[in-house]
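Student: I would like to learn how to read a protein model feature by feature. Could you take me through one?

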Amino acid sequence: MKRFAKALSGLALLSLAPLASAGGVYIGAGLYNASVDEKVDSLNFDDSDTTGALFLGWRPIELIGAEVGYYDFGKQEADNGTKIEGGALTLAGLLSFELGPVGLYGKAGVADTDFDISNGASKDDDSSTDAFGGVGGTVDLLDKLYLYGEFVHFDNDAGVDMIGAGLRYHF
């Protein structure tokens, strides 16, 4: 199922490529710390993993935009040894405020979440569509290259929180 999500994410990102000629298109990638500190059913999760994210966005004007992305949740382990591994394909709206070389933004949208669940020989998977949102900031490094940092929360059963930083390139 993870391969399907990654393939779907790639297709979604490619589908926005024609918007590049319209201006305001950007692509980005970053490293994140994904953490879970939740009780899911009868399992207690308190774990984190270093993961990544990819996204493609379009800002037709400076204040608003739209973004598709893929966030990898990494591997998380519960207190009884149950492991979950997953990620989310996302679609979000953005509101941003630019003040010179520094920008602030908020994003909110939907996440198509997929988890592989394993405990010893037992394996299962779980998929859902959930809300997610976050806040972040950018710093203009080289006119079209930006450094960004953000916090994102996924409102799925695991309650994944991600904090990360990366680079964003504007075409």
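The dialogue below goes from confidence to strands, salt bridges and surface.

Student: What should I know before I begin?

Tutor: This is a predicted model, so to speak of local features a pLDDT of at least 70 is needed, and side-chain atom pairs count only at pLDDT 80 or more, while totals for chains, interfaces and linings use all residues. Residues are numbered from 1 along each chain as its sequence is written, and side-chain values use heavy atoms, with hydrogens and water left out.

Student: What is the mean pLDDT of the protein?

Tutor: pLDDT is the predictor's confidence in each residue, from 0 to 100. Here the mean is 87, and 87% of the residues reach 70 or more. Over residues 16-22 the pLDDT is below 50, and this stretch has 7 contacts in the model beyond near neighbours in sequence (a contact means heavy atoms within 4.5 Å). Where pLDDT is low, the predicted coordinates should not be read in detail.

Student: Which elements make up the secondary structure of the protein?

Tutor: Helices (H or I, at least four residues) and strands (E, at least two) are DSSP runs, numbered from the N terminus. This protein has 1 helix and 8 strands, in the order α-β-β-β-β-β-β-β-β from the N terminus on.

Student: How many bridges join β3 to β4?

Tutor: Two strands pair if DSSP finds at least two bridges between them. Strand β3 (residues 64-77) and strand β4 (residues 83-99) are antiparallel and joined by 13 bridges; one of the partnerships is Glu77 with Lys83. Next, β4 pairs with strand β5 (residues 102-119) over 17 bridges, again antiparallel, and Thr90 has Ala111 in β5 as its bridge partner.

Student: Where does β8 pair with β1, and how many bridges are there?

Tutor: Strand β1 (residues 25-40) runs antiparallel to β8 over 10 bridges, with Ala29 partnering Leu167. On β7, 9 bridges lead to β8, also antiparallel, and Tyr146 is matched with Arg168.

Student: Which side chains of β8 are buried?

Tutor: Buried means under 20% relative accessible area, exposed over 50%, and partly exposed in between (1.4 Å probe, protein chains only). In strand β8 (residues 161-170) the side chains alternate: Met162, Gly164, Gly166, Arg168 and His170 point to one face and are buried, whereas Asp161, Ile163, Ala165, Leu167 and Tyr169 point to the other and are not. Across the protein's 171 residues, 40% count as buried.

Student: What should I look for in the backbone of the turns?

Tutor: Most residues other than glycine have a negative phi, and most peptide bonds are trans. In the β3 and β4 hairpin, with 5 residues between the strands, Gly81 has a positive phi near 95°. Gly100 has one near 65° in the hairpin of β4 and β5, where 2 residues separate the strands. Asp143, a residue other than glycine, also has a positive phi, near 60°. Asp143 sits in the loop between β6 (122-140) and β7 and is exposed, at 59% relative accessible area.

Student: How many salt bridges does the structure hold?

Tutor: Side chains of opposite charge can pair when their charged atoms come close. A salt bridge is a side-chain nitrogen of Lys or Arg within 4 Å of a carboxyl oxygen of Asp or Glu, and there are 3 of them here. Glu98 and Arg59 form one, at 3.4 Å from N to O. That pair links Glu98 in strand β4 to Arg59 in the loop between β2 (43-58) and β3, 39 residues apart.

Student: Which residues does Lys107 join into one network?

Tutor: Glu67 meets Lys107 with the closest N and O atoms 2.6 Å apart. Glu67 lies in strand β3 and Lys107 in strand β5, 40 residues apart. Glu150 and Lys107 form another salt bridge (3.1 Å, N to O). Because Glu150 lies in strand β7 and Lys107 in strand β5, this pair ties together parts 43 residues apart in sequence. Glu150 and Lys107 are both buried. Through shared partners, Glu67, Lys107 and Glu150 belong to one network.

Student: Which residues make the nonpolar surface patch?

Tutor: Patches are made of residues with over 30% relative accessible area and no salt bridge; like charges are joined within 9 Å, and nonpolar side chains (Val, Leu, Ile, Met, Phe, Trp, Tyr) within 5 Å. Accessible areas come from the Shrake-Rupley method with a 1.4 Å probe, and for residues only the protein chains shown count as cover. Val102, Val139, Leu141, Leu142, Leu147 and Leu167 make a patch of about 520 Å². Leu147, found in strand β7 (residues 145-154), is partly exposed at 39%.
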